[in-house]
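Here are a few exercises to work through with the model open beside you. Try each task before reading its solution.

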Amino acid sequence: MRVIVADDEFFARKALVKRIGELSEEIEVCEEAENGRQVMELLKSHGADLVVTDIRMPDMDGLEVAKQVKEQFPETSVIIESGYADFDYATTAIRYGVKDYLTKPVKKEELERAVQRVKEEKKTLNQKLEKQLAVYKGQLMDFSRILENETAAREILGDLFEKMKAEAWYLLTAQSCNKVVGKEEISQILEIFRKEGETGGAYFYPKNEFIFVVKAGVALHMGVSQYHEKTEAFTKEGAGAYREAVYAINQRLLQPEQQIYRYEAEVNVNQLFSQAEERELEKYLTENKEQEAIKIVERLFRQCENNPEVSIYSLFTSLIQIMNVINRVYTMRKEQENTEADKSSYLLFNFKADLYAFHSLEELKKYIFGLLSDVSEEEGQKSSIIEDLLKYLEWNYQYDISVNELAAHKYFVNPSYLSRLFKSETGKTFSKYLTELRIQKAAELLKESSLKIGDVALCVGYNDVSYFIQTFKKRYCMTPEQYRNG
């Protein structure tokens with residue numbers, strides 16, 4: 001563990017350095033600083049696992065150091081020493097994520113306990129990351145999930161990005177048409193792209209995605225991000241590039257014959273759906289006039305077909321207008337029925353998660369028309385929305401999914417009705433179906449990957465490995481390990 005010691009008093013600093021050096025061979029004082037600004041400069045240039053700092057220093061005191069470390073270097077822990085046993089100092093230090101607040105003169109035993117706690121905490125965190133996130137070679141996880149954690153992303157994606165010698169690069173995504181991609185197919189696909197030269201590639205299971213980092217200038221049939229300058233903060237850049245590639249490939253809904261979809265930072269968003277049409281749509285839905293409502297939205301889709309002037313952003317903006325109208329009608333009905341309705345205005349429909357899930361404009365139209373049909377009919381007459389819901393579960397089974405949330409914010413129906421309809425259509429309750437789907441996906445992973453049992457559990461939505469093993473055993477009458485060996 002690498003430690004920076006900061007104190008403006010020379011002899012106090014040297015005494016602390018000596019004391020820390022005596023704690024353990026695994027603990028190394030890598031740098032010394034006389035003030036807070038030096039601490040931040042050393043962290044930027046060399047990094048460290050722990051900063052032990054005096055609270056009173058020129059330029060920047062220990063509390064400000066703790067605050068900035070928390071904001072800029074969240075992986076680095078801070079211990080503060082002070083000649084003041086002041087409660088306000090201590091509570092402020094805790095708010096800034098300080099691991100310990102030691103009063104001078106610092107006793108060796110107290111220092112040892114504080115440093116050991118930091119060491120154990122980092123060890124536990126690393127073990128947790130190893131269980132939760134998989135290395136990309138042969139181990140398959142959701143790319144967007146990995147990018148949410150900077151520490152884990154650096155650990156997992158370092159190899160993917162560091163091998164790139166190019167000063168500029170693209171990030172590209174592709175999806176497999178198959179529900180399950182075997183080990184041999186993964187190897188073959190990755191090998192194809194490695195032949196392009198400076199290319200790094202990985203496969204992530206939940207969305208059957210292939211992610212490639214490719215030297216700028218190589219054109220492939222995929223969604224292509226902007227080029228990004230080489231930078232140390234590749235995880236942050238990677239997250240942005242991933243979004244760009246997803247946004248770009250969504251254009252396939254409007255130009256399916258095109259093979260390369262490049263992200264455009266600046267696009268014209270045209271209003272395809274007027275406020276007058278919004279009011280008209282709301283009127284027809286309120287009056288349960290399904291066909292009239294569908295005709296209005298049909299006009300929107302006709303504007304988009306074979307029209308290179310229309311961007312996916314313009315279509316998406318119009319879809320959000322339509323979803324908001326549906327949401328208003330649904331909420332109004334709940335109020336009229338004296339049924340408690342969720343007043344929050346968010347919708348389970350967004351650029352990344354939902355448009356990315358549709359593979360054609362016809363598929364998207366069917367989903368929107370289905371919503372219009374459902375919201376404009378009486379509950380007992382509603383057409384089935386279960387087909388779309390089953391597709392949604394296939395795409396999102398690894399996340400926390402609630403039938404109540406889906407009912408209120410995606411399908412705009414009564415939760416109890418959706419539960420009854422789901423059981424009527426599938427013969428199973430929502431929770432039972434979701435459990436069986438997750439276990440089925442786990443079985444596929446056990447056959448097709450070399451993931452550890454704990455990683456398989458996390459990939460299909462189980463944080464508790466013991467509970468996953470117990471649930472798997474109920475379904476297959478054997479443990480996951482026995483299933484894999486068989």
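**Exercise 1: a helix pair**

In this predicted model, the axes of helix H14 (residues 386-396) and helix H16 (residues 415-426) come within 10 Å and cross at roughly 90°. Your task is to classify how H14 and H16 are oriented to each other, and to describe the residues of their contact.

Solution. Begin with the angle: H14 and H16 cross at roughly 90°. Angles from 65 to 115 degrees count as roughly perpendicular, and therefore H14 and H16 are roughly perpendicular to each other. Next, list the residues that meet. From H14 come Ile-386, Leu-389, Leu-390 and Leu-393, and from H16 come Leu-418, Leu-421, Phe-422, Glu-425 and Thr-426. Finally, sort them by type: the contact of H14 with H16 has seven nonpolar residues, one polar and one charged.

**Exercise 2: a sheet and its helices**

Work out the strand order of the open sheet of five strands, then place helices H1 and H3 on the strands.

Solution. Reading across the sheet, the order is S2-S1-S3-S4-S5, with parallel pairing. The edges are strand S2 (28-33) and strand S5 (100-103), each of which pairs on one side only. On average, neighbouring strands of this sheet are turned by 20° against each other, direction ignored.

Now look inside the sheet. Strand S1 (residues 2-6) and strand S3 (residues 50-54) run parallel and are joined by four bridges. Val-5 has Val-52 in S3 as its bridge partner.

Then add the helices. Helix H1 (residues 10-21) packs on the sheet and touches S1, S2, S3 and strand S4 (77-82). The direction of H1 makes about 170° with that of S2. Helix H3 (residues 62-72) lies across S3 and S4, and runs at about 175° to S4.

**Exercise 3: cysteines**

How many disulfides does a search of the whole structure find, and are Cys-304 and Cys-459 buried or exposed?

Solution. Recall first that a disulfide covalently bonds the sulfur atoms of two cysteines. The search of the whole structure finds zero disulfides. For burial, the cut-off is under 20% relative accessible area. Cys-304 has a relative accessible area of 0%, so Cys-304 is buried. Cys-459 has 2%, so Cys-459 is buried too.

**Exercise 4: the whole chain**

Summarise the protein by its secondary structure, its burial and its contacts.

Solution. Count the elements: the protein has 20 helices and eleven strands. Turn to burial: of the 486 residues, 51% are buried. Close with the contacts: among those with a separation of 6 or more, 69% link residues 24 or more positions apart.

Definitions and conventions
Residues numbered from 1 in each chain as written. Predicted model: local features only at pLDDT ≥ 70, side-chain atom pairs only at ≥ 80, totals over all residues. Heavy atoms only, no water. Axes fitted to C-alpha atoms, helices over the stretch in contact; angles between N-to-C directions. Helix = DSSP H or I, 4+ residues; strand = E, 2+ residues; numbered from the N terminus. Parallel < 35°, antiparallel > 145°, perpendicular 65-115°, else oblique. Contact = heavy atoms within 4.5 Å. Nonpolar A, V, L, I, M, F, W, Y, C, P; charged D, E, K, R; others polar. Disulfide = S-S within 2.5 Å. Buried < 20%, exposed > 50% of the residue type's maximum accessible area, 1.4 Å probe, protein only. Pairing = 2+ DSSP bridges.
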